[in-house]
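User: Please take one part of this model and look at it closely. I would like to see how the pieces fit around it, residue by residue.

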Amino acid sequence: MVSPQFVFIVTLAAYIFFTRWRRMKQKPLEPAPELEQPKWSLYTASELKRFNGKSSPFIFLAIKGDVYNVTEGGKFYGPGGPYYTFAGHDASRGLAKSSFEEDVVPEGDEMDDLSDLNEEEKSTLNDWKTFFDQKYPVVGRLVTPTEKEQHLAAEKAAPVENISEGIPAADSRSSTPSEKN
Ligand code: HEM
């Protein structure tokens with residue numbers, strides 16, 4: 001007569017053997033494919049929206065006209081992350097005002113000139129910009145549709161090697177917030 005303890009031990013041993021065998025046969029997990037750094041480009045606010053980690057594997061956000069690739073910080077800016085409001089948007093106002101409510105990000109192709117920010121908010125924003133400059137690569141500039149059209153037309157007329165040539169730096173453009181702050 002086979003004792004219940006014996007049946008239990010044999011079943012347990014068979015289970016352990018089977019789970020180990022199955023694990024051994026499983027292929028090791030493939031590492032997630034590395035995303036190539038995107039080429040430097042001009043983005044209108046509408047174009048930027050696609051880079052929210054949903055419609056594109058990349059996550060971009062803009063601060064004072066510079067577009068950052070924050071894909072590496074997906075746990076912050078990706079879907080479900082605490083700062084997802086900023087993904088694909090100009091995050092300047094939200095960072096300045098320490099708010100990630102939906103009303104802090106401009107809609108459409110509207111450019112936020114940030115001229116109403118007070119000194120403390122401007123300084124908070126500048127601190128955040130320094131943080132992003134140190135942590136994330138800049139992959140472009142946020143421009144109006146007119147600025148983009150003009151640039152593309154000029155480039156067609158006289159092609160340039162680097163698209164960033166001819167686009168004034170953040171602090172020298174009258175249409176960007178940085179000049180006013
Ligand atoms: C409830 C209050 C908040 C808490 C508890 C909180 C907590 C945190 C924590 C724990 C981190 C990670 C720090 C690290 O990696 O060392 C972080 C990062 C950050 N927080 Fe907050 N936070 C709060 C409010 C805010 C607000 C109001 C903003 C701006 C709108 C903000 C923007 C950020 C940004 C931009 C980062 C950097 C993420 C990165 O590394 O890319 N946080 N926060």
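Analyst: **The sheet and strand 4**

Four strands make an open sheet, in the order 1-4-3-2, with mixed pairing. Strands here are DSSP runs (E, at least two residues), as are helices (H or I, at least four), numbered from the N terminus. Pairing takes at least two DSSP bridges between two strands. The edges are strand 1 and strand 2 (60-63), each of which pairs on one side only.

This is a predicted model: local features need pLDDT of at least 70, side-chain atom pairs need 80 or more, and totals for chains, interfaces and linings use all residues. Residue numbers start from 1 along each chain, as its sequence is written.

First, the setting. The protein holds seven helices and four strands. Along the sequence they follow the pattern α-β-α-β-β-α-α-α-β-α-α. The chain has 181 residues, and 24% of them count as buried. Buried means 20 or more other C-beta atoms within 10 Å of the residue's own; 12 or fewer is exposed, in between is partly exposed, and C-beta atoms are placed from the backbone. Contacts between distant positions weigh heavily in the count: of those with a separation of 6 or more, 62% join residues 24 or more positions apart. A contact needs C-beta atoms, placed from the backbone, within 7 Å.

Now strand 4, residues 138-142. Four of its five residues are buried, which leaves the strand mostly covered. Strand 1 (residues 41-43) runs parallel to strand 4, and three bridges join the two. Two pairs of residues show the register. Leu 42 stands opposite Arg 141 in strand 4. Tyr 43 stands opposite Leu 142 in strand 4.

Strand 3 (residues 66-69) also pairs with strand 4. Here the sense is antiparallel, over three bridges. Arg 141 appears again in this pairing, standing opposite Asp 66. Thus Arg 141 in strand 4 has Leu 42 opposite it in one pairing and Asp 66 opposite it in the other.

Asp 66 deserves a closer look. Where does Asp 66 lie? Asp 66 is found in strand 3. Is Asp 66 buried or exposed? There are 21 other C-beta atoms within 10 Å, so Asp 66 is buried. Lys 129 sits 63 residues away from Asp 66 in sequence, yet the two C-alpha atoms are 9.3 Å apart in space. Asp 66 takes part in the next pairing as well, where Ile 63 stands opposite it.

That pairing links strand 2 to strand 3. The two run antiparallel and are joined by four bridges. They form a hairpin with two residues between the strands. In this hairpin, Lys 64 takes a positive phi near 45 degrees.

Next, the packing. The largest nonpolar core has 27 residues. Such a core is a set of buried Ala, Val, Leu, Ile, Met, Phe, Trp, Tyr and Cys residues joined through C-beta atoms within 7 Å. The residues with the most contacts inside this core are Leu 48, Phe 60, Leu 61, Val 67 and Tyr 68. Several elements give two or more residues to this core: helix 2 (45-48), strand 2, strand 3, helix 4 (92-96), helix 5 and strand 4. Strand 2 gives the most, with four residues.

Tyr 68 shows how these parts meet. Setting aside residues up to four places away in sequence, Tyr 68 touches Phe 60, Leu 61 and Ile 63, and also Phe 132, Tyr 136, Pro 137, Val 138 and Val 139.

One more residue belongs here, for helix 5. Thr 124 lies in helix 5, which spans residues 119-135. Thr 124 has 16 C-beta neighbours inside 10 Å, so it counts as partly exposed. Beyond its neighbours within four places in sequence, Thr 124 is in contact with Leu 95, Ala 96 and Ser 98. Thr 124 and Ser 98 are 26 residues apart in sequence, with C-alpha atoms 8.4 Å apart.

To recap, strand 4 pairs with strand 1 in parallel and with strand 3 in the antiparallel sense. Four of the five residues of strand 4 are buried.

Key:
Contact = placed C-beta atoms within 7 Å.
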